[in-house]
Amino acid sequence: MERSSRSLDAADTAAAADTAAAADTADTAGAADTAAAADTAAAADTADTVEAVGELATLARILPRLPRGLDTQLGPGDDAAVVAAPDGRFVVTTDLMVHGPDFRRAWSTPHDLGWKAAASNLSDVAAMGARPTALVVALAVPGDTPVVDLEGLADGLRDACAAMAPGCGVVGGDLSVSAVFTVAVTAFGDLDGHDPVRRDGARVGDVVAVSGPLGRAARGLDLLFRLGVDHDGVPDAALAREVRDRDADVGWQLAPTPPIADGPAAALAGARAMLDLSDGLALDASRLARASGVVLDLESAALGADPHAALAGGEDHSLLATFPADADLPGGFRRLGTVREVGGGAPRVAVDGRDLGEPGGWDPYRLWSGQQG
């Protein structure tokens, strides 16, 4: 009986082992099926277009990726957002990015587009001396746009806010269809109890100063137009990646990181006038000069190795400001020149005392070639 019992126990053990092996095989097959299903779902997600999945499903994938913001009281989901304004006032600005005149999709990744859309608007808020608090983003895109591209754009918005304006959130927006990929951002900011820094406050004797690079984005764009195109001059994504890997100025053109914190810092340091350099130092400085009724006399030695690029190149989104002569320049601000009386003639920009003349700079109605790519 003992032997028979032991034989039966062994048989039961062997049967159990066979059952377990079969279960393991089934588990392995199940895991493989699960992995295959995940791969299939991932492939489907990659292939999904806005037109195929529709507006609601697209938004459901975008919205969770966006930052809420410290001043956000009610975010996406209602007809409008609610954002706290501790100062009792708010700064507001808006900016468009349109495929063709403002970016080339072959050169910019979706993340780049989100980052740059945030950066250009955050810089405008900072130029008023305000702290960015919220963005509203409207997208009009072709129906065949992959949803993953819009997820990437949302990630760029999130990462830009985190890097340049911590606490700023994306609180709402809109999504529509268009033949031309278009990004429209409205940005809000809080003055935190101080007056806005306007363009018309420069005074004779002030120091002209800048925070951020001059001409870097223009040099990057020049490289893209020379080396990031195929033999027919059409923008090429692979060539753009190669030149970007070799030269950081290309990255600054596609995804700049302007000194947002230096805007409020300038206000606290007594800046009398300030603006964001989006269209080129010469053109934007002339706007400040006209608003203030003065001459901005820049020093060639402060313009770097390529004065032409520094003066004419746009999209650096650096901050140009004037300060009292005895002020300590805050943050990354460095001296660029002096504010002088107009004397004869109109308010203008000079370099080493010589009138600059036509300021040049970016004007999409005059300078866009009509190409996209």
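Leaving aside neighbours within four places in sequence, S108 is in contact with F103, L113 and L254. The residue sits in the loop between β3 (91–98) and α3 (110–127). S108 is buried, because its relative accessible area of 11% falls under the 20% cut-off. The coordinates come from a predicted model, and every value below was computed from that model.

Helix α3 also holds H111. H111 is in contact with G152, L153, D155, G156 and D159, again leaving aside neighbours within four places in sequence. One of these partners, L153, is 42 residues from H111 in sequence. The C-alpha atoms of H111 and L153 are nevertheless 4.7 Å apart in space. H111 counts as partly exposed, at 29% relative accessibility. L153 falls within the residue range of α4 (147–164). So do G152, D155, G156 and D159.

The overall fold has 11 helices and 13 strands. Of the 373 residues, 45% count as buried. Contacts with a sequence separation of 6 or more are dominated by distant pairs: residues 24 or more positions apart account for 86% of them. The protein exposes about 17,700 Å². Carbon and sulfur atoms supply 55% of that area.

Confidence varies along the chain. The mean pLDDT is 88, and 84% of the residues reach 70 or more. Two segments stay under 50. One is residues 1–32, for which the model has zero contacts beyond four places in sequence. The other is residues 40–44, also with zero contacts beyond four places in sequence.

Strand β11 (residues 334–340) contains R334. R334 and V210 are 124 residues apart in sequence, but their C-alpha atoms are 5.6 Å apart in space. Residues up to four places away in sequence not counted, R334 touches V208, A209, V210, S211, G212, P213, L214 and L329. Several of these partners, including V208, A209, V210 and S211, fall within the range given for β7 (207–211). R334 is partly exposed, with a relative accessible area of 33%.

A further long-range pair involves L56, found in helix α2. L56 and L175 are separated by 119 residues in sequence and by 9.7 Å in space, C-alpha to C-alpha. L56 is exposed, because its relative accessible area of 70% is over the 50% cut-off. The range of α2 is 50–62, and that of β5 is 169–177. Both elements contribute to the pocket described next.

Rolling a probe the size of a water molecule over the atoms shows where empty space is left. The second largest pocket has a volume of about 370 Å³. Its lining comprises 25 residues. Nearest the pocket centre lie L63, V137, G172, G173 and D174. Four elements each supply at least two lining residues: α2 (50–62), β4 (131–141), α4 (147–164) and β5 (169–177). Strand β5 gives the largest share, six residues. By class, the lining has 17 nonpolar, four polar and four charged residues.

Backbone geometry singles out two loop residues. Most residues other than glycine have a negative phi, and most peptide bonds are trans. D192 has a positive phi, near 50°. D192 lies in the loop between β6 (182–190) and β7 (207–211). At 46% relative accessibility, D192 counts as partly exposed. E315 also has a positive phi, near 75°. E315 lies in the loop between α10 (307–312) and β10 (318–323). Its relative accessible area is 22%, so E315 is partly exposed rather than buried, the cut-off for buried being under 20%.

Note on methods
Residues are numbered from 1 along each chain as its sequence is written. This is a predicted model: local features need pLDDT of at least 70, side-chain atom pairs count only at pLDDT 80 or more; totals for chains, interfaces and linings use all residues. Side-chain values use heavy atoms; hydrogens and water are left out. On a 1 Å grid over the protein atoms alone, a cavity is a set of points where a 1.4 Å probe fits but cannot get out, and a pocket is an open set with protein on both sides within 12 Å along at least five of seven lines; lining residues have an atom within 4 Å of a point. Grid points are joined across faces, edges and corners, and a volume is the space filled by probe spheres set on the points. Ala, Val, Leu, Ile, Met, Phe, Trp, Tyr, Cys and Pro count as nonpolar, Asp, Glu, Lys and Arg as charged, and the others, Gly among them, as polar. Buried means under 20% relative accessible area, exposed over 50%, partly exposed in between (1.4 Å probe, protein chains only). Contact means heavy atoms within 4.5 Å. Accessible areas come from the Shrake-Rupley method with a 1.4 Å probe; for residues, only the protein chains shown count as cover. pLDDT is the predictor's confidence in each residue, from 0 to 100.
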